[in-house]
Amino acid sequence: VKLAKNELIEAAAYLNDAYKMSVEINNSVNTVKCALELGNLNLKLNNNKEAYEWFDKTAKQSVQFGMKETVWRSLYGKALAVLNSDTNQSLEFLIDAVDIVEKMRADLKIEELTNGFFFDKKDLYDKIILLYADWGKPEKALEYLERFKSRNFIDLLGNHRINFADTQTNIVYNRIKTLRGQIDNTERQIAVTKDEPRRKRITVRLTEMQANEARLLTQLKLM
């Protein structure tokens, strides 16, 4: 409520008290959430150094407690905290955050959970796209634009039975759905495979499937 009213200084006092209390009672989930919000609050106050420190603390605690959602959010926060002072470092944090997000999506076993998964992550991709565009690297900007669009497109349509009027369009769409399932399974295999030569072979196969998916998506958009 305090954050919504923009009463930031008073909110900081409440959040600091909540953080200390969470630490005292050993509530790891609330500890991480409070640290993340303190990072966000300090960003609003333009206290980038303090924000970075809170996000860094959040990232370490999130990894320790296995909280992937707050890992990527804290990396995103760190990226914003250094955006004006070190764009190279900011980009590294953003790319790391995207990698975690895409692994989280690949790990989802329940199809319904994938619907709209990327909805609240658009800003993350947008920041990378804008940085590459500002650096005169349109090919990299387009790469991340397509990564976001293709993953979001399939997730949004994936939980609905869709019949296009055109038979050929239906064929292409169903190929994409089938291929997306194969890609998800392959990404899970990579995540659990410890044998490095086998990981490399699977990664090559994954790259080929992703290229095929991109081609089919382009074909579908032109229909």
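This tour moves through a predicted model, one selection at a time.

**Whole chain**

Begin with the protein chain in a cartoon representation. Its secondary structure amounts to ten helices and zero strands, and the order from the N terminus is accordingly α-α-α-α-α-α-α-α-α-α. Of the 223 residues in the chain, 40% are buried. If contacts are restricted to residues at least 6 apart in sequence, 57% of them join residues at least 24 apart. With a surface displayed, the exposed area comes to about 13,000 Å², of which carbon and sulfur atoms supply 54%.

**Helix H2: Leu43**

Select Leu43, which is located in helix H2, residues 28–44. Its relative accessibility is 18%, and because the cut-off for a buried residue is under 20%, Leu43 counts as buried. Display its surroundings next. Beyond its neighbours within four places in sequence, Leu43 contacts Asn48, Ala51, Phe55, Gly77, Leu80 and Ala81. For one of these partners, Leu80, a C-alpha distance may be drawn: it is 8.0 Å, although the two residues lie 37 residues apart along the chain.

**Helix H3: Gln61**

Move to Gln61 in helix H3, residues 48–65. Is Gln61 buried or exposed? With a relative accessible area of 14%, Gln61 is buried. Setting aside residues up to four places away in sequence, Gln61 touches Tyr19, Thr31, Val32 and Ala35.

**Helix H4**

Select residues 68–82, which form helix H4. This helix has 15 residues and reaches 22 Å from its first C-alpha to its last, close to the expected 21 Å. Eleven of its 15 residues are buried, so H4 is largely enclosed by the rest of the structure. The buried set consists of Thr70, Val71, Trp72, Ser74, Leu75, Tyr76, Gly77, Lys78, Ala79, Ala81 and Val82. Two of these names, Gly77 and Ala81, were already met as contacts of Leu43.

Within H4, show the side chain of Trp72. Which residues does Trp72 touch, not counting those up to four places away in sequence? They are Ala97, Ile100, Val101, Met104, Asp120, Lys121 and Leu124.

**The nonpolar cores**

Trp72 also leads into the largest nonpolar core, a set of 23 residues. Trp72, Leu94, Leu124, Ile128, Tyr132 and Tyr144 are those with the most contacts inside this core. Colour H4, H5 (87–107), H7 (122–134) and H8 (138–158) separately, since each of these helices supplies at least two residues of the core. The largest share, eight residues, comes from H5. A second, separate core has twelve residues, including Tyr173, Ile202, Leu216 and Leu220.

**Helix H7**

Finish on helix H7. Its 13 residues should span 18 Å at 1.5 Å a residue, and the end C-alpha atoms are indeed 18 Å apart. Select its buried residues: Leu124, Tyr125, Ile128, Ile129, Leu131 and Tyr132. Now orient the view down the axis of H7. The buried residues fall within an arc of 160°, so they line one face of the helix. An α-helix has 3.6 residues a turn, so residues three or four places apart point the same way. On the face turned away from the buried side, select the exposed residues Leu130 and Asp134.

The last stop is Gly136, which follows H7 and has a positive phi near 70°.

Technical notes: Residues numbered from 1 in each chain as written. Predicted model: local features only at pLDDT ≥ 70, side-chain atom pairs only at ≥ 80, totals over all residues. Heavy atoms only, no water. Helix = DSSP H or I, 4+ residues; strand = E, 2+ residues; numbered from the N terminus. Expected span 1.5 Å × (residues − 1). Buried < 20%, exposed > 50% of the residue type's maximum accessible area, 1.4 Å probe, protein only. Contact = heavy atoms within 4.5 Å. Core = buried A, V, L, I, M, F, W, Y, C linked by side-chain atoms within 4.5 Å. Areas by Shrake-Rupley, 256 points an atom, 1.4 Å probe, with all protein chains shown as cover. Arc of directions from axis to C-beta.
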